[in-house]
Amino acid sequence: PDLSQDVTVQGPITGTGVMGVSGDVEVAVRVQDKTGARSILRRATIPVADVPPALAPITYFGVAAERQQITFSASFEDPGLDAPWRVEWDFDYDGSEFTPNAYAFADAPGGFSAIHSFSNDGTYTVAARVTDKDGVVGPLQTVQLVIADLAPLLSGVAGTNFLAEGSSYELFSTFADPGVHSLPWRIQWDFDYDGTTFDVDEEE
């Protein structure tokens, strides 16, 4: 039995508890005297609604810039014994359709997190939701953040390091940009840079 009570007075009896499951739940009760003689079972069916998981606000930690790892965290509660819960993330939520980019399973209510990096700068809405084992989905939580555009990274200049006046020369360098949608890039050269003012002599 889930609950056992010893009483010394006949008459009305009461059983109380917290319902941890949902659906049509059958409860039963019986009475046993001191010799072990038992009454017949009396039963009742109670319809129990499945309460959706409740999700706390999302927080994040990290540098909000292209290709930088950011940790998103949240937590949830559920009064039911509804494990496992499916925790899902949409890192580019459009405000109407939730499209999971990542998910995990939780065996108990509490905190969870995910790490994500954004390929391009811009404003993003990150959304999370939790679904219990019966498919009941809790309300979304969202957070908006602005991802900064990082400048291209340019290597040192190599090539001709000594020549006479009037001679031609060729210089080399390479660059990389963390943003995948940052093209086209403009290459600018100052062939007589004075150390202060960059005057463009040639563009590619």
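The largest pocket of this predicted model is lined by 30 residues, and those that lie nearest its centre are Leu-3, Gln-5, Ala-28, Val-29 and Arg-30. The volume of this pocket is about 1,400 Å³. Among the secondary-structure elements, strand 1, which spans residues 23-29, gives the most to the lining, with 5 residues. By residue class, the lining of the largest pocket divides into 15 nonpolar, 10 polar and 5 charged residues.

The second largest pocket holds about 400 Å³ of space and is lined by 16 residues, of which Leu-154, Ser-173, Ile-187, Gln-188 and Trp-189 lie nearest the centre. Two short stretches of the chain can be named in this lining, since strand 13 (171-172) and strand 15 (188-189) each supply at least two residues to it. The lining of the second largest pocket is made up of 10 nonpolar, 3 polar and 3 charged residues.

Turning to the strands, an open sheet is formed by 4 strands in the order 7-6-9-10, with antiparallel pairing. Strand 7 (102-106) and strand 10 (141-147) stand at the edges of this sheet, and because each has a single partner strand, one side of each is left without a neighbour in the sheet. From one strand to the next, the twist averages 20°. The pairing can be followed across the sheet from the edge at strand 7, which is joined in the antiparallel sense to strand 6 (residues 85-90) over 5 bridges; here Trp-85 stands opposite Ala-106 of strand 7. Strand 6 is in turn joined to strand 9 by 5 bridges, again in an antiparallel arrangement, and in this pair Arg-86 has Thr-131 of strand 9 as its bridge partner. Strand 9 and strand 10 run antiparallel and are joined by 7 bridges, with Ala-128 partnered by Gln-141 of strand 10. Strand 9 is mostly covered, as 7 of its 10 residues are buried.

The loop between strand 5 (70-77) and strand 6 contains Pro-84, and the peptide bond that leads from Ala-83 to Pro-84 is cis, with omega near 0°. Asp-82 is found in the loop between strand 5 and strand 6, and its relative accessibility of 3% places it among buried residues, for which the value must be under 20%. Apart from residues up to four places away in sequence, Asp-82 touches Asp-50, Asp-132, Lys-133 and Asp-134. Asp-82 also lies 9.2 Å from Thr-131, C-alpha to C-alpha, although 49 residues separate the two in sequence; Thr-131 is the residue of strand 9 that is bridged to Arg-86.

Asp-78 likewise lies in the loop between strand 5 and strand 6 and counts as buried, with a relative accessibility of 10%. When neighbours within four places in sequence are left aside, the contacts of Asp-78 are Val-51, Pro-53, Trp-85, Pro-109 and Asp-132. One of these, Trp-85, is the residue that stands opposite Ala-106 in strand 7, and another, Asp-132, is also touched by Asp-82.

Arg-67 is found in the loop between strand 4 (59-62) and strand 5. The phi angle of Arg-67 is near 65°, a positive value in a residue other than glycine. With a relative accessible area of 42%, Arg-67 is partly exposed, because this value falls between the 20% limit for buried residues and the 50% limit for exposed ones. Arg-67 and Asp-78 are 11 residues apart in sequence, while their C-alpha atoms are 35 Å apart in space.

A further loop residue, Asn-120, lies between strand 8 (110-116) and strand 9 (122-131). Asn-120 is buried, with a relative accessible area of 12%. Not counting its neighbours within four places in sequence, Asn-120 is in contact with Glu-66, Ile-147, Gly-179, Val-180 and His-181. Of these contacts, Ile-147 belongs to strand 10, which spans residues 141-147 and stands at an edge of the sheet.

How values were computed
Residues numbered from 1 in each chain as written. Predicted model: local features only at pLDDT ≥ 70, side-chain atom pairs only at ≥ 80, totals over all residues. Heavy atoms only, no water. Pairing = 2+ DSSP bridges. Axes fitted to C-alpha atoms, helices over the stretch in contact; angles between N-to-C directions. Buried < 20%, exposed > 50% of the residue type's maximum accessible area, 1.4 Å probe, protein only. Contact = heavy atoms within 4.5 Å. 1 Å grid on protein atoms, 1.4 Å probe; cavity = no way out; pocket = protein on both sides within 12 Å on 5 of 7 lines; lining within 4 Å. Points joined across faces, edges and corners; volume = space filled by probe spheres on them. Nonpolar A, V, L, I, M, F, W, Y, C, P; charged D, E, K, R; others polar.
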